[in-house]
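The following exercises concern the fold, the helix packing, the aromatic pairs and the backbone of one protein chain. Each task is followed by a worked solution.

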Amino acid sequence: MIKINQHTENFCPLSFVIIIDLIFLIPVIMLDPSFHVDDFLVFSVIKSNPLHLIAFNPHEYFYFFLRPVSYFFFWVEYNIWHTNAFMMKIVSVFIHTGFTVIFYYLLKEFASFIKIEFKPFIASIITLVFSLHPDSLIW
């Protein structure tokens with residue numbers, strides 16, 4: 001019997017998740033390539049503090065302790081793309097896909113840590129639910 005190595009065993013289910021993700025997310029961007037109201041609030045904070053990678057003022061909408069990663073990526077994307085919503089959303093899809101891959105491997109590691117074995121397909125279904133859940137898609 002031929003033994004499939006760990007990388008190949010994870011590649012197919014993870015590819016399945018990424019393809020489903022892109023099939024779902026790319027049309028969403030195409031249908032609504034604009035900004036939303038809270039995006040303009042973040043832009044105003046970035047414009048008032050152009051050198052701050054994260055918001056430090058607790059009276060600002062996107063304060064450091066509430067959403068530092070989100071604010072940081074907004075800051076980077078705003079400084080690269082300015083107010084080009086389509087490009088900012090495409091970058092967000094790539095970031096989201098990267099987090100999805102990380103989640104998949106963390107899930108597999110956690111399962112092996114607590115000594116639960118499940119097939120990569122089950123891990124991919126759990127990852128797909130995480131990936132398409134509305135709370136992980138707030139970008």
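Lys115 is exposed, with a relative accessible area of 72% (exposed means over 50%, buried under 20% and partly exposed in between, with a 1.4 Å probe and protein chains only). The model is predicted, so local features need pLDDT of at least 70 and side-chain atom pairs count only at pLDDT 80 or more, while totals for chains, interfaces and linings use all residues. Residues are numbered from 1 along each chain as its sequence is written, and side-chain values use heavy atoms, with hydrogens and water left out.

**Exercise 1. Describe the backbone at Lys115 and at His82.**

Step 1. Lys115 is located in the loop between H4 and H5. Its phi is positive, about 60°, although Lys115 is not a glycine.

Step 2. His82 lies in the loop between H3 and H4. His82 also has a positive phi of about 60° without being a glycine. With a relative accessible area of 47%, His82 is partly exposed.

**Exercise 2. Determine the secondary-structure pattern of the protein chain.**

Step 1. Helices (H or I, at least four residues) and strands (E, at least two) are taken as DSSP runs, numbered from the N terminus. The protein chain has five helices and zero strands.

Step 2. Along the sequence, the pattern reads α-α-α-α-α.

Step 3. Of the 139 residues in the protein chain, 32% are buried. Among contacts (heavy atoms within 4.5 Å) with a separation of 6 or more, 63% join residues 24 or more positions apart.

**Exercise 3. Characterise the packing of H3 against H2 and against H4.**

Step 1. Axes are lines fitted to C-alpha atoms, for helices over the stretch in contact, and angles run from 0 to 180 degrees between N-to-C directions. Angles under 35 degrees count as roughly parallel, over 145 as roughly antiparallel, 65 to 115 as roughly perpendicular and the rest as oblique.

Step 2. Helix H2 (residues 37–48) packs on H3 at about 75°, the axes being 10 Å apart. H2 and H3 are therefore roughly perpendicular to each other.

Step 3. On the H2 side, the contact involves Asp39, Val42, Phe43, Val45, Ile46 and Lys47; these meet Tyr71, Phe74, Trp75 and Tyr78 in H3.

Step 4. Helix H3 (residues 68–81) and helix H4 (residues 85–113) pack at about 140°, with axes 10 Å apart. This pair is therefore oblique.

Step 5. From H3, Phe73, Phe74, Glu77, Tyr78 and Trp81 make the contact; from H4, Met87, Met88, Val91, Ser92 and Ile95 do so.

**Exercise 4. Which aromatic pairs involve Phe103 and Tyr104, and how are the rings arranged?**

Step 1. Rings of Phe, Tyr and Trp (its six-membered ring) pair if their centres lie within 6.5 Å; planes under 30 degrees apart count as stacked, over 60 as edge-to-face and the rest as tilted. The count by this rule is four aromatic pairs.

Step 2. Phe103 and Phe130 are stacked, at 4.1 Å centre to centre and 15° between the planes. Since Phe103 belongs to helix H4 and Phe130 to helix H5 (residues 120–132), the pair ties together parts 27 residues apart in sequence. Phe103 is partly exposed at 24% relative accessibility, and Phe130 is partly exposed at 29%.

Step 3. Tyr104 and Tyr105 have ring centres 5.3 Å apart and planes at 85°, so the pair is edge-to-face. Tyr104 is buried, at 0% relative accessible area, whereas Tyr105 is partly exposed at 33%.
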